[in-house]
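I opened my notebook to look up how charged side chains pair up in this protein. Here are my entries, in the order I made them.

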Amino acid sequence: MVAIYTVYLDTYFIENVLLDATVLILTTLVWDKRVKWKRILAASVTGALLACGFLLVQIRGGRSVGFCNLLQGYVVLKIAYRGSKASKLLRGALYFYTISFVYIKVYEKMRMELEELHGLVISAAVLVLLGVAVVYLRYCKRKDTEDVYCDVEILSGGKKIQVRALYDTGNILREPVSGKPVSIVEKALMEEAGGLEQNNDCTYIPFHSIGEENGVLMGIEVDGLKIWKRDECIERYCEMVALYDGQLSTDGRFRMILHQELL
C-alpha cells in the first residue's frame, strides 16, 4: 500500500519561518553575538522559501534531504551572520545545527504523543521550551560572569579612577620587600585619569608568565581600593598595583586584574 501525505505549503512555509527565526535567535543568544533583527527575518524567510523549494524537488525525486538541509542552513547562516570569519561561522553553524537537531527530536516526540494537536501548535510549544532552556543557560552564564568581574574604584594621587576588573585566582604577584599582594592595572588608564601625578614612589615587581620568564613591572602604592562585588563593597587601604604597559584584554572588557587575596 502506498502512503499518501497531504502537505500544505503555506503552513509548511510558516512553520519554517518560525523555526529558522527562533533557532537563529537561540543561536545568537548561545553564541553571544550581536546581529540585526532584519537579517534574522531575511534569513528566516529565505530559509523557508528554500525549504519549500527543496520539498518540491524531493517529491519529484531530486536531491537528498541531507544535502538540501546543509545548503539551506549555509544560506541562512550567511545571510544572518554576514561578514563573520569562516572559523567563527563554523562555530555558529555548530550551535545552529545542534539546536535544530534538538528541535526536530523534541517535535517528533511531541507529535507522536499529541497527535490531535495541529503541527503549528506543537512547533510553537517546542520553540517555547527551547527558548526557556536557552534563556536559563544564558542566566547561568551571566551569573558565572558576575563572579569573575567586578567594579573597582582606585584612589590615587587625590583621584578616583573607575575601572572594570577581572578577579583572577591565578594572580599571585607580591611586592618582594613587604610581601603585599599586587593587582595589575593598565598604565594608560592611570595616566589618563591623572592617578600618577602625585605618586612618585615606585618599586619593581618581578613576574613570570608565558613567553616572559624574568619580567619586571613597575609598581606603586595607591591610597586605597573600593571593590564592588554584587551588593557588597570591600574597602582596602594602601594597596600595591603594578602598571602594565599595554592592554590586559583584547576586547577591553576589563583593564585591571585583582589579586586573589583581595576578595
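**Entry 1, ground rule.** I call a pair a salt bridge when a side-chain nitrogen of Lys or Arg lies within 4 Å of a carboxyl oxygen of Asp or Glu. I also remind myself that I am looking at a predicted model.

**Entry 2, the chain as a whole.** I looked up the elements first and found 6 helices and 7 strands in the protein chain. Reading from the N terminus, I get the order α-α-α-α-α-β-β-β-α-β-β-β-β. Of the 263 residues, 38% count as buried. I noted an exposed area of about 16,500 Å² for the protein chain, with 58% of it supplied by carbon and sulfur atoms. Among contacts with a separation of 6 or more, 65% are between residues 24 or more positions apart.

**Entry 3, counting the bridges.** How many salt bridges does the structure hold? I find 6.

**Entry 4, Arg174 and Glu261.** The side chains of these two residues meet in a salt bridge, at 2.1 Å from N to O. The pair links distant parts of the chain, 87 residues apart. I place Arg174 in the loop between β2 (159–167) and β3 (182–186), and Glu261 in the segment after β7 (256–258). Are the two partners buried or exposed? Arg174 has 35% relative accessibility, so I log this residue as partly exposed. Glu261 has 39% and also counts as partly exposed.

**Entry 5, Arg255 and Glu186.** Next I checked Arg255, whose side chain meets that of Glu186 in a salt bridge (2.7 Å, N to O). Arg255 sits in the loop between β6 (232–244) and β7, while Glu186 belongs to strand β3, so the bridge ties together parts 69 residues apart in sequence. Glu186 is buried, because its relative accessible area is 5% and the cut-off for buried is under 20%. Arg255 is partly exposed at 25% relative accessibility.

**Entry 6, Arg255 and Glu192.** Which glutamate in helix α6 pairs with Arg255? I found Glu192, with a salt bridge of 3.9 Å from N to O. Helix α6 covers residues 187–193, and Arg255 is in the loop between β6 and β7, so this pair ties together parts 63 residues apart in sequence. Glu192 is exposed, with a relative accessible area of 60%.

**Entry 7, putting the pairs together.** I can now join my last two entries: Glu186, Glu192 and Arg255 are linked in a network of salt bridges. In that network, Glu186 is buried, Arg255 is partly exposed and Glu192 is exposed.

Definitions and conventions:
Residues numbered from 1 in each chain as written. Predicted model: local features only at pLDDT ≥ 70, side-chain atom pairs only at ≥ 80, totals over all residues. Heavy atoms only, no water. Helix = DSSP H or I, 4+ residues; strand = E, 2+ residues; numbered from the N terminus. Buried < 20%, exposed > 50% of the residue type's maximum accessible area, 1.4 Å probe, protein only. Contact = heavy atoms within 4.5 Å. Areas by Shrake-Rupley, 256 points an atom, 1.4 Å probe, with all protein chains shown as cover.
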